[in-house]
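Please work through the exercises below with the sequence and the model in view. Each task is followed by a solution in steps.

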Amino acid sequence: MLSRRSVLKGTATAALAAGTVTMFPELSFAKAPLQSFQAPGFYRLKLGELEITALSDGTIPLPLETLYTHTTGEKARAALAAAFKPSPTQTSINAYLVNTGERLVLIDAGTGAYLGPSLGKLAANLEASGYRVEDIDDILLTHIHTDHSGGLAVDGKRVFPNATVRVNKRDLDFWMDAAAAEKAAGALKTQFKEAQESLKPYLDAGKLEAFGDNAEAVPGIGTILRAGHTPGHSSFVVESGGQKLVFWGDITHGDVLQFDEPGVAIEFDIDQDKAIKARTAAFTEAVDQAYLVAGAHIAFPGIGHVRRDETNYDWVPLNYSGAL
């Protein structure tokens, strides 16, 4: 197919050959600068009467082949490469907003300023999606790792001034334990510090509450204790119009290796054996009930189904729709 440039050049050449012009200047075309930014990171769908908005906090490059455990770096690298994922692998950090018609419920709160400039975009994407931080009524934390709770506060002040933060009691007790924080070392010590910094403003304001195992977090949103990644790591469940969606939290990190090999854990798991059992249970239930899943670290928007295949399980992203 001829380009516009080649057609115009050809016209000029023909005119010169025919003697119809004595001079035809070389045509020039304006150059446009590269636009080095993405569209706002949100994606919306309806689940019965509920409106679900996936919100991106950004992505972070992780050397997953060195972080996965119960496997070898070579094997993990080969599995990622087979899925066209280089190392380090851009890994999504997702949060989700549930509009019940009565309340706005945010599931996880992103990283804030803790983990670098490629992250911390949750509040901006929330606003781009049509909501404000002041609008949020409840924040449900799947667990209290920094990439899920770091966006709660900035400089000791609540980012979500009208929201109550709710988290499983096991996780709250673990991360707010001053003696355990004092004894912790390395990355875990940093995680304790960041957890307490993020939660303290809500605790001081009387805006931090705990829920029990497998209890309702707020009316209409249930929980499933999937302990292992952290002591109180929990998934959230919403149902409407005969449809069901489970917000997984950190059942997986990525959408390749752990679906084929659920026995592969990651260094971020506090109890890797329990995390493996939780993942196996989550996969089995998701397949058997064929419900939608939203994963915090599956490529944005991180919503899809799980199916069985010849190598255990497979992730099937939700088909894109421009309509609600």
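The exercises go from the whole protein to a sheet, its aromatic rings, one glycine and a pocket.

The model is predicted: local features need pLDDT of at least 70 and side-chain atom pairs count only at pLDDT 80 or more, while totals for chains, interfaces and linings use all residues. Residues are numbered from 1 along each chain as its sequence is written, and side-chain values use heavy atoms, with hydrogens and water left out.

**Exercise 1. Describe the protein as a whole.**

Step 1. Count the elements, where helices (H or I, at least four residues) and strands (E, at least two) are DSSP runs numbered from the N terminus. The protein has 10 helices and 17 strands.

Step 2. Take the extent: the C-alpha trace spans about 90 × 45 × 45 Å along its principal axes.

Step 3. Assess burial, where buried means under 20% relative accessible area, exposed over 50% and partly exposed in between (1.4 Å probe, protein chains only). Of the 324 residues, 47% are buried.

**Exercise 2. Determine the strand order of the open sheet and identify its edges.**

Step 1. Two strands pair if DSSP finds at least two bridges between them. The open sheet consists of 6 strands in the order β11-β12-β13-β15-β16-β17, with mixed pairing.

Step 2. β11 (222-225) and β17 (312-317) each have a single partner strand, so one side of each is left without a neighbour in the sheet.

Step 3. Examine one pairing: β15 (residues 292-295) and β16 (residues 303-309) are antiparallel, over 2 bridges. Within β16, Ile-303 stands opposite Ala-294.

Step 4. Locate the helix: α10 (residues 272-289) lies across β11, β13 (243-249), β15, β16 and β17, at about 95 degrees to β16. Here axes are lines fitted to C-alpha atoms, for helices over the stretch in contact (heavy atoms within 4.5 Å), and angles run from 0 to 180 degrees between N-to-C directions.

**Exercise 3. Find an aromatic pair that joins helix α10 to strand β17.**

Step 1. Rings of Phe, Tyr and Trp (its six-membered ring) pair if their centres lie within 6.5 Å; planes under 30 degrees apart count as stacked, over 60 as edge-to-face and the rest as tilted. This rule gives 12 aromatic pairs.

Step 2. One tilted pair is Trp-175 with Phe-192, because the centres are 4.9 Å apart and the planes stand at 55 degrees. That pair links helix α6 (residues 169-175) to helix α8 (residues 186-204), and both residues are buried.

Step 3. The pair sought is Phe-283 and Tyr-313, also tilted, with 5.0 Å from centre to centre and 55 degrees between the planes. Phe-283 lies in α10 and Tyr-313 in β17, so parts 30 residues apart in sequence are tied together.

Step 4. Phe-283 is buried at 0% relative accessible area, and Tyr-313 is buried at 9%. Both belong to one aromatic cluster with Trp-248, Phe-259 and Trp-315.

**Exercise 4. Characterise the surroundings of Gly-295.**

Step 1. Gly-295 lies in strand β15 and is buried, with a relative accessible area of 2%.

Step 2. Leaving aside residues up to four places away in sequence, Gly-295 touches Asn-94, Tyr-96, Trp-248, Gly-249 and Gly-302.

Step 3. Between the C-alpha atoms of Gly-295 and Asp-250 there are 6.8 Å, although these residues are 45 residues apart along the chain.

**Exercise 5. Identify the residues that lie nearest the centre of the largest pocket.**

Step 1. The lining comprises 20 residues, and Leu-115, His-145, Asp-147, Gln-191 and Phe-268 lie nearest the centre. On a 1 Å grid over the protein atoms alone, a pocket is an open set of points where a 1.4 Å probe fits, with protein on both sides within 12 Å along at least five of seven lines; lining residues have an atom within 4 Å of a point.

Step 2. α8 supplies the largest share of this lining, 5 residues.
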